[in-house]
Amino acid sequence: MRIVFAGTPEFAVPSLRAAAQRNEVVAVYTQPDRPAGRGRGVAMSPVKLEAIARGIPVFQPETLRDPAAQDQLRALQPDLLVVVAYGLILPKAVLAIPTYGCWNVHASLLPRWRGAAPIQRAIQAGDAGTGVCLMRMEAGLDTGPVLLSQATPIGAEETGGQLHDRLAELGAQVLADGLGLLRAGLLPVPQPQPAEGVTYAHKLDKAEARLDWTRPAAELARTVRAFNPWPVAEAQVAGERLRIHGAVALEQAHDAVPGTLLGASRDGIDIACGEGVLRLRVVQRDGGRAITAADWLNARRDLARAG
């Protein structure tokens with residue numbers, strides 16, 4: 001087969017490796033190089049770095065709506081276009097180019113969590129499980145029929161970063177299974193997504209990272225997990241801004257104003273919430289690195305006997 005792969009972030013790299021196992025990937029599409037890091041130097045995407053290491057030609061159009069970009073793709077004569085977190089919209093003209101259409105590896109069990117941030121939204125919502133789908137793409141946002149899927153539970157303390165890494169590998173496995181079936185002429189019948197249960201995983205916004213102490217502690221603990229490693233939850237605690245890397249909810253009754261520091265010990269920093277208490281375990285001061293609550297207390301002797 002002649003496979004063209006389109007992807008950009010680290011999540012897509014395992015799938016590129018799976019697609020390239022038989023040297024069938026004839027080209028890789030990824031977003032243009034962007035400024036990144038504190039120095040804002042131009043950086044190549046993880047997918048581009050992987051493609052270069054494998055000697056696969058790389059194309060980086062600003063848009064695929066351009067007829068010239070479409071002609072370029074058509075000239076590659078792809079049997080299949082595999083899309084994993086590419087970040088650019090594929091117009092109908094592009095979807096029609098490959099012989100077997102366009103496949104997408106999506107990090108949820110569709111139709112739940114269509115959209116840009118399915119991993120984080122699943123944790124934030126308190127879902128017990130999630131998974132990956134191999135979907136045949138249509139013009140709508142993650143609306144296409146599902147070819148294969150694989151479910152997995154979400155760990156009670158699993159962070160967005162940890163689940164991201166697991167689903168990236170699981171997605172690569174499901175893609176490899178689909179490619180194997182296609183080669184054998186045994187591709188499953190595409191299953192239309194049910195109309196019920198559709199939810200949308202809207203793109204993460206840094207403004208969401210600010211914890212609202214009036215919310216239940218259980219909800220805030222999920223947000224802390226979901227937003228680790230990005231954008232990282234943050235809050236005002238005892239007069240200073242802290243980024244919160246780790247926290248747990250305590251089913252503890254209180255009559256304190258939300259946001260009140262209830263206690264601080266080596267076990268954690270307890271903050272009153274609208275319902276229950278959030279115990280902060282790993283925090284980060286401005287300009288510093290992530291540290292335990294015990295280390296933070298060493299620098300805040302005024303709080304050693306709080307509560």
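Select Ser-45 to begin: at 9% relative accessibility, Ser-45 counts as buried (under 20% relative accessible area is buried, over 50% exposed and anything in between partly exposed, with a 1.4 Å probe and protein chains only). Ser-45 belongs to the loop between strand 4 and helix 2; helices (H or I, at least four residues) and strands (E, at least two) are DSSP runs numbered from the N terminus. This is a predicted model, in which local features need pLDDT of at least 70 and side-chain atom pairs count only at pLDDT 80 or more, while totals for chains, interfaces and linings use all residues. Residues are numbered from 1 along each chain as its sequence is written, and side-chain values use heavy atoms, with hydrogens and water left out.

Display the surroundings of Ser-45. Its side chain makes a polar contact of 2.8 Å with the side chain of Thr-30. A polar contact is a pair of N or O atoms within 3.5 Å; within protein, one must be able to donate a hydrogen and the other to accept it, and residues adjacent in sequence count only if both atoms are side-chain atoms. Setting aside residues up to four places away in sequence, Ser-45 touches Thr-8, Thr-30 and Asp-33, where contact means heavy atoms within 4.5 Å.

Next, select Met-44, which is found in the loop between strand 4 (41–43) and helix 2 (46–54). Met-44 is partly exposed, with a relative accessible area of 37%. Add Leu-49 and Ile-52: together with Met-44 they form a nonpolar patch on the surface, with about 270 Å² of accessible area. Patches are made of residues with over 30% relative accessible area and no salt bridge, like charges being joined within 9 Å and nonpolar side chains (Val, Leu, Ile, Met, Phe, Trp, Tyr) within 5 Å. The areas come from the Shrake-Rupley method with a 1.4 Å probe, and for residues only the protein chains shown count as cover.

Turn now to the charged pairs. The structure holds 14 salt bridges, each being a side-chain nitrogen of Lys or Arg within 4 Å of a carboxyl oxygen of Asp or Glu. Select Glu-24 and Arg-183, whose side chains meet in a salt bridge at 2.7 Å, N to O. This pair links distant parts of the chain, 159 residues apart: Glu-24 is in the loop between helix 1 (13–19) and strand 2 (25–29), and Arg-183 is in helix 6 (residues 160–183). Glu-24 is buried at 10% relative accessible area, whereas Arg-183 is partly exposed at 30%. Another pair to select is Glu-234 and Arg-241, with a salt bridge of 3.0 Å, N to O; Glu-234 is buried at 18% and Arg-241 partly exposed at 29%. Arg-17, Glu-50 and Arg-54 are linked in a network of salt bridges.

Beside Glu-24, select Asn-23, in the loop between helix 1 and strand 2. Its phi is near 60°, a positive value in a residue other than glycine, and Asn-23 is exposed, with a relative accessible area of 72%. Compare Val-232, in the loop between helix 7 and strand 12: its phi is near 75°, also positive, but Val-232 is buried at 3%. In the loop between helix 7 and strand 12, select Pro-229 as well; a cis peptide bond joins Asn-228 and Pro-229, with omega about 20°. The peptide bond from Leu-110 to Pro-111 is also cis, with omega near 15°. Most residues other than glycine have a negative phi, and most peptide bonds are trans.

Now select helix 7 (residues 217–226), which is mostly covered, with seven of its ten residues buried. Its buried residues pack against helix 5 (118–124), helix 6, strand 12 (233–237), strand 13 (240–250) and strand 16. In strand 16 (residues 277–285), select Arg-279. A polar contact of 2.7 Å joins the side chains of Arg-279 and Asp-270. Among the residues that Arg-279 touches are Gly-246, Val-248 and Leu-250.

Finally, display the open sheet of seven strands, in the order 5-2-1-6-7-9-10 with mixed pairing; two strands pair if DSSP finds at least two bridges between them. Strand 5 (58–59) and strand 10 (146–153) are the edge strands, each pairing on one side only. Within the sheet, strand 7 (residues 102–106) and strand 9 (residues 129–136) pair in the antiparallel sense over four bridges. End at His-106, which stands opposite Cys-133 in strand 9.
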